[in-house]
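Reader: I've got a fresh structure open and I'd like to talk it through before doing anything with it. Mind if I fire some questions at you?

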Amino acid sequence: MEQSRYEEAAREYSQELDIDPQNPVARMAIGLALFQQGDYAAAVDQLNRGLSLNPRSAPGHTLIARSLYHLGRWEEAVPHLRKAAKLAPADGAVHLYLSQCLRKLGHTSEAAAEAAVFKRMKQAEATLSRPE
């Protein structure tokens, strides 16, 4: 059921690209649907095309990095995560994903630093969301 929903979304956004091939939102949405289906290589292709149209998309950089991570292409994922962290500094998940990639690459001290940033952000978020 879930799989067919993503396939349907990809088809609908593909139809949008027939109308406007330069639509970065449609490219990113197709990339997301492909990612959700586990087709990471195809997701990378669509997300690269979307990022060429909108290079300042933090979610696009994050999602392409996550796709690359699943493909074992950790070194390629790191620049996308660094870019996403600059574009969306309040997104703690980016630091978690960056930590995971750096750990896979053997950069343990840098990975630990990124994990600590993520932890601090989550703690701050939890503090802010507590009722007084």
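Reader: Let's start with one side chain: is R49 buried, partly exposed or exposed?

Author: Quick heads-up that this is a predicted model. The relative accessible area of R49 is 39%. Buried would need under 20% and exposed over 50%, so R49 comes out as partly exposed.

Reader: And which residue forms a salt bridge with R49?

Author: The partner sits in the same helix as R49, α3, 4 residues apart, which is about one turn of the helix. The closest N and O atoms are 3.7 Å apart, and the cut-off is 4 Å. The residue that pairs with R49 is D45.

Reader: How does D45 count: buried, partly exposed or exposed?

Author: D45 has a relative accessibility of 40%. Since the partly exposed class lies between 20% and 50%, D45 counts as partly exposed.

Reader: R27 has no salt bridge, so how far away is the nearest side chain of opposite charge?

Author: R27 is found in helix α2, residues 24-36, and it is buried. Its contacts, not counting residues up to four places away in sequence, are L17, P21, Q46, R49, G50 and L53. The nearest side chain of opposite charge is D45, and a salt bridge would need a nitrogen and an oxygen within 4 Å. For R27 the distance to D45 is 6.4 Å.

Reader: Back to helix α3: what distance separates its end C-alpha atoms?

Author: Helix α3 covers residues 40-53, which makes 14 residues. At 1.5 Å a residue they should span 20 Å, and the model agrees with that. The end C-alpha atoms of α3 are 20 Å apart.

Reader: Which residues of α3 are buried?

Author: To make this list, a residue needs a relative accessible area under 20%. In α3, the buried residues are A43, V44, Q46, L47, G50 and L51.

Reader: Moving on to aromatics, what kind of pair do F35 and Y40 form?

Author: By the ring-centre rule, the count comes to 1 aromatic pair. F35 and Y40 have their ring centres 5.3 Å apart, with 65° between the planes. Over 60 degrees is where that class begins, so the F35 and Y40 pair is edge-to-face.

Reader: Is F35 buried or exposed?

Author: The relative accessible area of F35 is 8%. The limit is under 20%, so F35 is buried.

Reader: How many salt bridges does the structure hold, and how close are the N and O atoms for E76 and R73?

Author: The structure holds 5 salt bridges. In one of them, E76 pairs with R73. E76 is partly exposed at 40% relative accessibility, and R73 is partly exposed at 32%. Their closest N and O atoms are 2.9 Å apart.

Reader: R82 and E110 also form a salt bridge, so how far apart in sequence are the parts that this pair ties together?

Author: The closest N and O atoms of R82 and E110 are 2.4 Å apart. R82 lies in helix α5, residues 74-87, and E110 in helix α7, residues 108-129. The pair therefore ties together parts of the chain whose separation in sequence is 28 residues.

Reader: What covers the buried residues of α5?

Author: The buried residues of α5 are A77, V78, H80, L81, A84 and A85. Contact here means heavy atoms within 4.5 Å. The cover includes α3, α4 (58-70) and α6.

Reader: R103 and A115 are 12 residues apart along the chain, so what separates their C-alpha atoms?

Author: R103 is found in helix α6, residues 92-104, and is partly exposed at 44%. Leaving aside neighbours within four places in sequence, R103 is in contact with T108, A111, A112 and A115. The C-alpha atoms of R103 and A115 are separated by 10.0 Å.

Reader: Zooming out, how many helices and strands does the chain have?

Author: From the N terminus on, the elements run α-α-α-α-α-α-α. The C-alpha atoms fill a box of roughly 45 × 40 × 30 Å along the principal axes. The secondary structure comes to 7 helices and 0 strands.

Reader: Last one: what percentage of the residues count as buried?

Author: The accessible surface of the chain comes to about 7900 Å², of which 53% belongs to carbon and sulfur atoms. Of the 132 residues, the share that counts as buried is 34%.

Notes: Residues are numbered from 1 along each chain as its sequence is written. This is a predicted model: local features need pLDDT of at least 70, side-chain atom pairs count only at pLDDT 80 or more; totals for chains, interfaces and linings use all residues. Side-chain values use heavy atoms; hydrogens and water are left out. Helices (H or I, at least four residues) and strands (E, at least two) are DSSP runs, numbered from the N terminus. The expected span of a helix is 1.5 Å times one less than its number of residues. Buried means under 20% relative accessible area, exposed over 50%, partly exposed in between (1.4 Å probe, protein chains only). Lys and Arg count as positive and Asp and Glu as negative; His and the chain ends are not counted. Rings of Phe, Tyr and Trp (its six-membered ring) pair if their centres lie within 6.5 Å; planes under 30 degrees apart count as stacked, over 60 as edge-to-face and the rest as tilted. Accessible areas come from the Shrake-Rupley method with a 1.4 Å probe; for residues, only the protein chains shown count as cover.
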